[in-house]
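Welcome, and thanks for opening the viewer. Please keep the selection panel handy, and let us walk through the chain one stop at a time.

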Amino acid sequence: MSQPRLHIIVGSTRPGRRGPAVAGWFHALALKHSGFDAGLVDLAAVGLPLLDEPRPPQRGQYEHEHTRRWSRTVDAADAFVFVVPEYNHSYNAATKNALDYLAKEWQGKPVAFVGYGGVAGGARAVQALLPVVIALGMVPSAGAVHIPFIRLSFTSDGTFEPAPGLDENATGVLDELLRLTTVRSASGPATRVG
Ligand SMILES: Cc1cc2nc3c(=O)[nH]c(=O)nc-3n(C[C@H](O)[C@H](O)[C@H](O)COP(=O)(O)O)c2cc1C
């Protein structure tokens, strides 16, 4: 049987962002973990404009090619990891925009988070994401990775160097996400109730 497809989503889009290095680290661990067929999805490369579809996403009737492309990308995944920065005690706008674009494509799929930022380690970003992914009918994992004072985990040449224990933390999150994904595929996709 083929492995479940995991999309690791790089949430931040600004020039000079740290997100791709953090997501690259997590992706390498996911490949080593070998429970998933894991790939990176960079929202900067996806390049969605602010939501510009005239109809609610629940209908799946998309007017724009960028939305259809994004729909296919999300549809192809069985599970997600959002790698998100903390911006003003929440997560960044590009991540919310990307979530709002679609509906059924997210529904019933397990999701975990890697949050990073300053003193709170992205915890407020992840907390703010939880009600949103629940509203979309996703299945959030209890575990998450939090990286405080993110700048201190980077060397002067821009390499991400995880603190001791972080690899094990991330591997535990992948274990739990795989468990949720396996339960879902055994019981079939969810149907929306509200
Ligand atoms: C607009 C903005 C707001 C921020 N607000 C917070 C914040 O509320 N709490 C925090 O811990 N860090 C905050 N930071 C620091 C970021 O978490 C840190 O710069 C991180 O590297 C941002 O992710 P990125 O480099 O992938 O964009 C903020 C950074 C930016 C750019």
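## Stop one: around the ligand

Start by selecting the ligand and its surroundings: of the 15 residues around the ligand, the ones that come nearest are Ser12, Gly19, Pro85, Gly117 and Gly118. Keep in mind as you look that this is a predicted model. Now colour the shell by residue type, and you will find five nonpolar, six polar and four charged residues. Which strand gives the largest share of this shell? Select strand β3, residues 79–87, which contributes three residues.

## Stop two: strand β5

From β3, step across to β5; the two strands run parallel and are joined by six bridges. A good pair to display here is phenylalanine 82 and phenylalanine 113 in β5, which stand opposite each other.

Next, select β5 by itself, residues 110–116. Is this strand mostly covered or mostly open? It is mostly covered, with seven of its seven residues buried. Show the side chains and turn the strand: Pro110, Ala112, Val114 and Tyr116 point one way, while Val111, Phe113 and Gly115 point the other way. This fits a general pattern, since in a regular strand the side chains alternate between the two faces of the sheet.

Pause on alanine 112, which lies in β5. Alanine 112 counts as buried because 25 C-beta neighbours sit inside 10 Å. Leaving out residues up to four places away in sequence, alanine 112 touches Val81, Ser141, Gly143, Ala144, Val173 and Leu177. Try a distance label as well: the C-alpha atoms of alanine 112 and valine 139 are separated by 8.7 Å, although these residues are 27 residues apart along the chain.

## Stop three: on to β6

Select strand β6, residues 139–147, which pairs with β5 in the parallel sense over six bridges. Two places to zoom in are phenylalanine 113, whose bridge partner in β6 is alanine 144, and tyrosine 116, which stands opposite isoleucine 147 in β6. To follow the connection, trace the chain from β5 through α5 to β6, a β-α-β crossover that is right-handed.

## Stop four: β1 and β2

Move to strand β1 (residues 5–10) and strand β2 (residues 37–42), which run parallel and are joined by six bridges. Leucine 6 has alanine 38 in β2 as its bridge partner. Here the chain crosses from β1 through helix α1 (residues 19–33) to β2, and this β-α-β crossover is right-handed.

## Stop five: helix α4

Select helix α4, residues 93–100, and highlight its buried residues Ala94, Thr95, Ala98 and Leu99. These four lie on the same side of α4, because they cover an arc of only 135 degrees around the axis. What covers these buried residues? Among the elements to switch on are α2 (43–46), β3, β4 (90–91) and α5 (123–135).

## Last stop: two residues with positive phi

Most residues other than glycine have a negative phi, so two loop positions deserve a click. Serine 34, in the loop between α1 and β2, has a positive phi of about 65 degrees although it is not a glycine. With 11 C-beta neighbours inside 10 Å, serine 34 counts as exposed.

Then go to phenylalanine 149, in the loop between β6 and α6 (166–187). Phenylalanine 149 is not a glycine either, yet has a positive phi of about 45 degrees. Phenylalanine 149 is exposed, with 12 other C-beta atoms within 10 Å.

Methods: Residues are numbered from 1 along each chain as its sequence is written. This is a predicted model: local features need pLDDT of at least 70, side-chain atom pairs count only at pLDDT 80 or more; totals for chains, interfaces and linings use all residues. A residue is near a molecule or strand if its C-beta atom, placed from the backbone, lies within 6 Å of it. Ala, Val, Leu, Ile, Met, Phe, Trp, Tyr, Cys and Pro count as nonpolar, Asp, Glu, Lys and Arg as charged, and the others, Gly among them, as polar. A residue is buried if 20 or more other C-beta atoms lie within 10 Å of its own, exposed if 12 or fewer, and partly exposed in between; C-beta atoms are placed from the backbone. The arc is that of the directions from the helix axis to the C-beta atoms. Two residues are in contact if their C-beta atoms, placed from the backbone, lie within 7 Å. Two strands pair if DSSP finds at least two bridges between them. A crossover is right-handed if, with the strands pointing away from the viewer, the path from the first strand over the helix to the second runs clockwise.
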